[in-house]
Amino acid sequence: MQTGGMVNVNMKLSQPQQLRSCANARLPARPAARTAAALRASSGNGVASANGASANGTGRRLVLEDPPLVSEEVSALMAEQGITDLEKSGLLYLSNDARARALAKKAAKPEKIKNEKGGHMMWSEVGELGQMIRKGDMSWEDLALDDIDIRLKWSGLFHRRKRAPGTFMMRLKAPNGELTAKQLRFLAGCIEPYGEKGCADITTRANMQLRGVTLGEADQIMQGLVEHGLSSVMSGMDNVRNMTGSPIAGIDPHEFLDVRPLNYALNDMITNFGHGNPALTNLPRKINIGLSPSRDDFPHTHINDVGLVACKDPATGEVGFNVELGGYFSIKRNATSIPGETFLAVDQVVPYCKALLEVFRDYGARIDRQKARLMWMVEDMGADKFRELVGEYMGGVTLRKGVHLKYDDVWARRDVLGVHPQKQPGFVWVGACVPAGRLFASDLRDFARVCEEYGDGTIRLTVEQDVIFPNVPEASVGAMRAEPIFQKYEIEPGNLTRGMVSCTGAQFCGVAIIETKNRAMAIVRKLEEQLDIPKKVRMHWTGCPNSCAQAQVADIGLMGGPARLDGKAVEGVRIFLGGTIGEGAALAAEFEKGIPCEESILLPMLRELLIERYGATPKAGVLAGAA
Ligand code: SRM
Ligand code: SF4
């Protein structure tokens, strides 16, 4: 039975050959599954795809491979659970083994939610919802709970139910953290109408998140994103996160290669050119991929599920990538990556990552979500078997074993803030510090103007939540430094400010244990007022053990946790010390826990740590013991 060129797989599961004809299908437009009230209101409304083919940036789309035929076992499990529409469920592209695990009684709750209706369904529904809300036919409160709080994350829309009900954080995809002036102005225009509620955050994956977004406009913003060569699809839940690389890619005198083309190609493959890729959107869990093109390891490959580390094969001189696998943080486990025992030629990177994601999709755990990150699978299977399996998924490629590197010198990770010569003679990059990554519309516009006036009309975001202006002629640096925006976002900030990173925290994040960004800025300012700090100290503030601000990679990491003061429960932190980054990176170890955030307690403690371990000295006129 064909509907609008699509196969309706309802009740047709015993005829698996029918499924084949979905192979290259666009997802069909279908009515949203919402509350009864919303369904009544929706009658007569067409579905507008937010990222529709009619008006998007490139118009390019992937041709998807055939989904596997449904096995008898899966067919029976689906029937048992009343799942009749394979395309609507998230099961379509999974292997039968993965389908069976997702359908198992003990499967994790998010698997059940995806089985019932995959997050990919929201890619088109968000357009319909926007139209209905604009017409006054429904409100966000009419949406089914799983749609608004879970499935909309497949469109990059994170409902802030606890902190700002009815508004969303919209997480973009900015491969390699690169944005153009035109994109910055578009983003400024997106958040401006939301007044004080509208801001943008640079994330720890060198990405941008918009705040204040409502469902009445989300589809139009998504459409605009695609028209501007950006997107928000597949940025949350069980999808690949923003592709990270190097903020100085293409201009760095010390890089092995420019990873930007690879990061763009990977993002296009993963997200189907920003339109959404149904074949890679039901992974067992999130997955982070980072490409490091120099010995600095700017994207922290050791804490990415997949780290591709550029190097020269000592035997042949060929530049390629050693693969590292399994790094991740979570409430239960913090793991640094293990050698993937694989070396990739540059042209193998995209096919390798595609195959790896398919292997993860088909073999990853779907029962215990705490064991669903890539590391568990690689550990179970072993790196050699994993390499062979990914090679099979690549169409029978025998992948080379990783190369063993031994550098004679020690390479310290460079600080990219300040003014630095590029590999292009006569040009510099200028790095400016954005404390805690928080920006407003006027800042985005200032960045747009400044990068056009002095640079090449682009900026780069860093995983430290800062901003780089590439390709500035040396002769323009003086005038650029005098721009007022650099009083707010300093080019030569203090040694604590320049190393400060902060997650979202309790202002917007529903799982936060503590407020982070404002507290981090206030405490760092006071510490810099009180102390001379002779070198950069990286202090990361993260609001809970999910560790989005990567507390364990910091010199001093602060993680929200329980504490008591005068017998009462108060906001507190665990303190981690001694994380190192770059070559041979190691995670910080826990030093203290249960420390109240109360400034009279935390501030002196941090001051002592800076004095004892980082050579800080009290400033003239500040009493040694002053709080
Ligand atoms: Fe994260 C969940 C924010 C990077 C580990 N993270 C969340 C949520 C979505 C929770 C929620 O629903 O509110 C946070 C949204 C808050 C908000 O309103 O902004 C959130 N994570 C962030 C960001 C924005 C922190 C920041 O201020 O920069 C980062 C967005 C990156 C991006 O552009 O995609 C962010 N999160 C990270 C990182 C760092 C990284 O990727 O290098 C980690 C640790 C590394 C890792 O994932 O292995 C991280 N976030 C988590 C986890 C724990 C994952 C796990 O396996 O258990 C969660 C919870 C979850 O996924 O269930 C989480
Ligand atoms: Fe929210 Fe915790 Fe992540 Fe901070 S670390 S953004 S509080 S989930």
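Helices here are DSSP runs of H or I with at least four residues, numbered from the N terminus, and by that reckoning Ile113 is found in helix α5, residues 109–116. The model that you have open is a predicted one, and the tour below moves through it from this helix to the two ligands and then onward to some buried positions.

**Stop 1: helix α5**

Select Ile113 in α5 and colour it by accessibility. Ile113 has a relative accessible area of 9% and is therefore buried, since buried means under 20%. Now add Ile150 to the selection: Ile113 and Ile150 are 37 residues apart in sequence, while their C-alpha atoms are 8.5 Å apart in space.

**Stop 2: the iron atom of ligand 1**

Move next to ligand 1 and centre the view on its iron atom. Which residue is the only protein donor of this iron atom? It is Cys548, whose SG atom sits at 2.3 Å from the iron. If you trace the chain on either side of Cys548, you will find that this residue lies in the loop between β21 (539–542) and β22 (556–565).

**Stop 3: the shell around ligand 1**

Keep ligand 1 selected and show the residues that surround it, of which there are 28, the closest being Arg211, Lys286, Arg373, Thr504 and Cys548. By character, the shell around ligand 1 divides into seven nonpolar, 12 polar and nine charged residues. Strands contribute to this shell as well: β4 (168–171), β7 (208–213) and β11 (328–329) each supply at least two of its residues.

Three polar contacts to oxygen atoms of the ligand are worth displaying as dashed lines.

- At Thr204, a backbone N or O atom lies 2.8 Å from an oxygen atom of ligand 1.
- At Arg285, an N or O atom in the side chain is 3.0 Å from an oxygen atom of ligand 1.
- At Asn288, an N or O atom in the side chain is 3.2 Å from an oxygen atom of ligand 1.

**Stop 4: ligand 2**

Leave Cys548 displayed and select ligand 2, because Cys548 is also among the residues within 4 Å of this second ligand. The surrounding residues include Cys503, Thr504, Gly505 and Cys509, then Val511 and Ala512, and further along the chain Thr542, Gly543, Cys544, Asn546 and Ser547. How many nonpolar, polar and charged residues make up the shell around ligand 2? There are six nonpolar residues, six polar residues and no charged ones.

**Stop 5: helix α17**

Now select residues 517–530, which form helix α17. At 1.5 Å a residue, its 14 residues should span 20 Å, and the end C-alpha atoms are indeed 20 Å apart, so the expected and computed lengths agree. Within α17, show the side chains of Lys517, Ala520, Ile523, Val524, Leu527, Glu528 and Gln530, which are its buried residues. These residues cover an arc of only 165 degrees around the axis, which puts them on the same side of α17.

**Stop 6: buried positions in three strands**

Select Met208, which has its place in strand β7. Met208 is buried, with a relative accessible area of 0%, and its C-alpha atom is separated by 9.5 Å from that of Leu179, a residue 29 positions away along the chain.

Go on to Val472 in strand β18, residues 467–473. Val472 is buried, again with a relative accessible area of 0%, and between its C-alpha atom and that of Glu452, 20 residues apart along the chain, the separation is 9.8 Å.

Then select Ile459 in strand β17, which is buried at a relative accessible area of 1%. Add Glu178 to the view: Ile459 and Glu178 are 281 residues apart in sequence, yet their C-alpha atoms are 5.9 Å apart in space.

**Stop 7: two residues with positive phi**

Most residues other than glycine have a negative phi, and the tour ends with two that do not follow this pattern. The first stop here is His300, which has a positive phi of about 55 degrees although it is not a glycine. His300 is found in the loop between β8 (289–292) and β9 (306–312), and at 2% relative accessibility it counts as buried.

Finally, select Gln465 in the loop between β17 (458–461) and β18. Gln465 is not a glycine either, but has a positive phi of about 70 degrees. Is Gln465 buried or exposed? At 2% relative accessibility, Gln465 counts as buried.

Key
Residues are numbered from 1 along each chain as its sequence is written. Chains are lettered from A and ligands numbered from 1 in the order in which they are written. This is a predicted model: local features need pLDDT of at least 70, side-chain atom pairs count only at pLDDT 80 or more; totals for chains, interfaces and linings use all residues. Side-chain values use heavy atoms; hydrogens and water are left out. Donors are N, O and S atoms within 2.8 Å of the metal (3.2 Å for Na, K and Ca); water is not among the atoms, so sites may look incomplete. Ala, Val, Leu, Ile, Met, Phe, Trp, Tyr, Cys and Pro count as nonpolar, Asp, Glu, Lys and Arg as charged, and the others, Gly among them, as polar. A polar contact is a pair of N or O atoms within 3.5 Å; within protein, one must be able to donate a hydrogen and the other to accept it, and residues adjacent in sequence count only if both atoms are side-chain atoms. The expected span of a helix is 1.5 Å times one less than its number of residues. Buried means under 20% relative accessible area, exposed over 50%, partly exposed in between (1.4 Å probe, protein chains only). The arc is that of the directions from the helix axis to the C-beta atoms.
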